[in-house]
Amino acid sequence: MLTITRALHDQIVAHAREDHPDEACGVVAGPAGTGRPERFIPMLNAARSPTFYEFDSGDLLKLYREMDDRDEEPVVVYHSHTATEAYPSRTDVSYAGEPGAHYVLVSTADTDGAGPFQFRSFRIVDGEITEEDVRVVDAY
């Protein structure tokens, strides 16, 4: 289960809405070994595409060095889908290189009649996708 604060949830959704119609992407880092998302880090979609996201390799290297210096790890890796449901595509699965991370997808398309966005979390390990519950809390 992903437990995330309302503030972080809302920042991820806001980033997805801001970057629409392009896909948004980013990371939420947390103290190493805790599994607790704490620091919101929106990234630039280097692909600038409505159907694909790509972290800039220089920005990603800088981020990993910064997290290492702060004794953090990527707890959440997120991106948005602009025209489809919030479910990992084959490309998303192939890019999922953090087996301990929660992969959050936000859809800015109303694909299920439940409203203008979906917020879902998945574990992706060795190509296997497992959806998990999301618990939004006021504070940890």
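Let me start with Glu85, which counts as partly exposed at 39% relative accessibility, and I should say at once that what we are looking at is a predicted model. Glu85 is the partner of Arg120 in a salt bridge, and the closest N and O atoms of the two are 3.1 Å apart. This pair links distant parts of the chain, since Arg120 belongs to strand β6 (residues 118-125) while Glu85 sits in the loop between β4 (72-81) and α3 (90-95), 35 residues apart. Arg120, for its part, has a relative accessible area of 17%, and because the cut-off for buried is under 20%, Arg120 is counted as buried.

How many salt bridges does the structure hold? There are 8, and I will walk through two others.

In one of them Arg39 pairs with Glu66, with 2.7 Å between the closest N and O atoms. Arg39 lies in strand β3 (residues 39-43) and Glu66 in helix α2 (residues 57-69), so this salt bridge ties together parts that are 27 residues apart in sequence. Arg39 is buried, with a relative accessible area of 18%, whereas Glu66 is partly exposed at 30% relative accessibility. Nor do these two stand alone, as Arg39 and Glu66 are linked with Arg70 and Glu72 in a network of salt bridges.

The other is formed by Glu38 and Arg36, whose closest N and O atoms are 2.5 Å apart. Here Glu38 is partly exposed, at 39% relative accessibility, and Arg36 is also partly exposed, at 31%.

As a general remark to end on, side chains of opposite charge can pair when their charged atoms come close.

Notes. Residues numbered from 1 in each chain as written. Predicted model: local features only at pLDDT ≥ 70, side-chain atom pairs only at ≥ 80, totals over all residues. Heavy atoms only, no water. Salt bridge = Lys/Arg side-chain N within 4 Å of Asp/Glu carboxyl O. Buried < 20%, exposed > 50% of the residue type's maximum accessible area, 1.4 Å probe, protein only. Helix = DSSP H or I, 4+ residues; strand = E, 2+ residues; numbered from the N terminus.
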